[in-house]
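Trainee: Could you take me through one part of this model closely, and then connect that part to the rest of the fold as far as the coordinates allow?

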Amino acid sequence: MWPRWALFSVSAPSFGGTSRSAILSSCSGDIYRLQEDAWKKRLDELTDALDLGGLLQAPLRQLSLGQRMRAELCGALLHEPAILFLDEPTIGLDAVSKLNLRRFLKSENEDRGTTILLTTHDMSDMLALCPRVLVLGHGKLLYDGALDALLYRYDTKHTLRCLFDGEPRWPALPDSIRAERDADAWLLTFSPGTVPADRVLRLVMDAGSVREMTLKEQDVDEMVAGMYHDMRLT
């Protein structure tokens, strides 16, 4: 028996009624064989979780993109699908709406066991939601595995920013560590796969009295760009 599933993609509204009407029309009890008390209870839960209380009686054409997205997602989840397909769910959303949506989806996955299949070009969505990733290119599956393992493979540049009390006296630095001045600070760039971070820290501590240190990892978009280049997707 096929599991229940739902496909969610933000699109222009094609339904002229209210949000509540659109939600209920997307989840026909005849199709999913839902008991009335069951879908009403689920609707109340989703209304609270997605903050839809003041929107259910509003015409769809009057809703913003973020509001319409929440209403349509409610309709997609009303029948409690085992699998939820999301196509670019945060595109066009403001920062607050993105964060709220990610928190909600994470809760659906962890609390209800809903499997979420996400297609996105937003790397922050991937980092926030996806422990497992699949990379597709030219019709082929190029990678299927843990996100952490994939990023580690292409995480080739870390930058340590240091502020000293006084002028540092650098010991001999290996060629794999590049040190340069940045106003009052020093920037040390290194590859974590070549030089362990603890070795870099020891060199910094030997150079002088450190007032402040900040470690910046490689930008995830740069890592993904490197992955695309390595996999010949560009």
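Mentor: What follows starts with one β-α-β unit and its surroundings and then moves along the chain to the later strands and helices.

The model is a predicted one, and the part I would look at closely is the right-handed β-α-β unit made by β2, α5 and β3. Its two strands, β2 (residues 83–87) and β3 (residues 115–119), run parallel and are joined by five bridges, with F85 standing opposite L117 in β3. In general, the strands of a sheet pair through backbone hydrogen bonds, in either a parallel or an antiparallel sense.

The side chains along β2 alternate: L84 and L86 point to one face and are buried, whereas I83, F85 and D87 point to the other face and are not buried. Such alternation between the two faces of the sheet is what a regular strand shows in general.

Ahead of β2 comes the loop that leads from α4, and E80 lies in that loop. The phi of E80 is near 55°, a positive value in a residue other than glycine, and E80 counts as partly exposed because its relative accessibility is 42%, a value that falls between the 20% and 50% limits.

The helix of the unit, α5 (residues 95–112), also has α4 (residues 65–77) as a partner: their axes come within 12 Å and cross at roughly 10°, which means that α4 is roughly parallel to α5. In this contact M69, L73 and L77 of α4 meet L101, F104, L105 and E108 of α5, and the residues involved divide into six nonpolar, no polar and one charged.

Within α5 it is worth pausing at K106, which lies in that helix and is partly exposed, with a relative accessible area of 37%. Leaving aside residues up to four places away in sequence, K106 touches A128 and L129. K106 and I116 are 10 residues apart in sequence, and the distance between their C-alpha atoms is 9.2 Å.

Farther along the chain, strand β4 (residues 132–137) and strand β5 (residues 140–146) run antiparallel and are joined by six bridges, with L134 standing opposite D144 in β5. These two strands form a hairpin with two residues between them, and H138 in the turn has a positive phi of about 55°.

The next helix to consider is α7 (residues 147–154), whose axis comes within 9 Å of the axis of α9 (residues 220–230) and crosses it at roughly 80°, which makes α7 roughly perpendicular to α9. Here L150, L151 and Y154 of α7 meet V220, M223, G226, M227 and D230 of α9, and the contact residues divide into six nonpolar, one polar and one charged.

There is also an open sheet of four strands, in the order β7-β8-β6-β9, with antiparallel pairing. Its edges are β7 (177–182) and β9 (210–216), and because each has a single partner strand, one side of each is left without a neighbour in the sheet. From one strand to the next the twist averages 20°.

In this sheet, β7 and β8 (residues 185–190) pair in the antiparallel sense over six bridges, and E180 stands opposite L187 in β8. The loop between β7 and β8 holds A183, which has a positive phi of about 55° although it is not a glycine. At 66% relative accessibility A183 counts as exposed.

T189, by contrast, has its place in strand β8 and is buried, with a relative accessible area of 8%. Setting aside residues up to four places away in sequence, T189 touches K157, H158 and T159, and likewise S176, I177 and R178. Lastly, helix α8 (residues 197–207) lies across β6 (158–164), β7, β8 and β9, and runs at about 20° to β6.

To return to the part we began with, β2, α5 and β3 make the right-handed unit, and the contact with α4 adds a helix that is roughly parallel to α5.

How values were computed. Residues are numbered from 1 along each chain as its sequence is written. This is a predicted model: local features need pLDDT of at least 70, side-chain atom pairs count only at pLDDT 80 or more; totals for chains, interfaces and linings use all residues. Side-chain values use heavy atoms; hydrogens and water are left out. Axes are lines fitted to C-alpha atoms, for helices over the stretch in contact, and angles run from 0 to 180 degrees between N-to-C directions. Angles under 35 degrees count as roughly parallel, over 145 as roughly antiparallel, 65 to 115 as roughly perpendicular and the rest as oblique. Contact means heavy atoms within 4.5 Å. Ala, Val, Leu, Ile, Met, Phe, Trp, Tyr, Cys and Pro count as nonpolar, Asp, Glu, Lys and Arg as charged, and the others, Gly among them, as polar. Buried means under 20% relative accessible area, exposed over 50%, partly exposed in between (1.4 Å probe, protein chains only). Two strands pair if DSSP finds at least two bridges between them. A crossover is right-handed if, with the strands pointing away from the viewer, the path from the first strand over the helix to the second runs clockwise.
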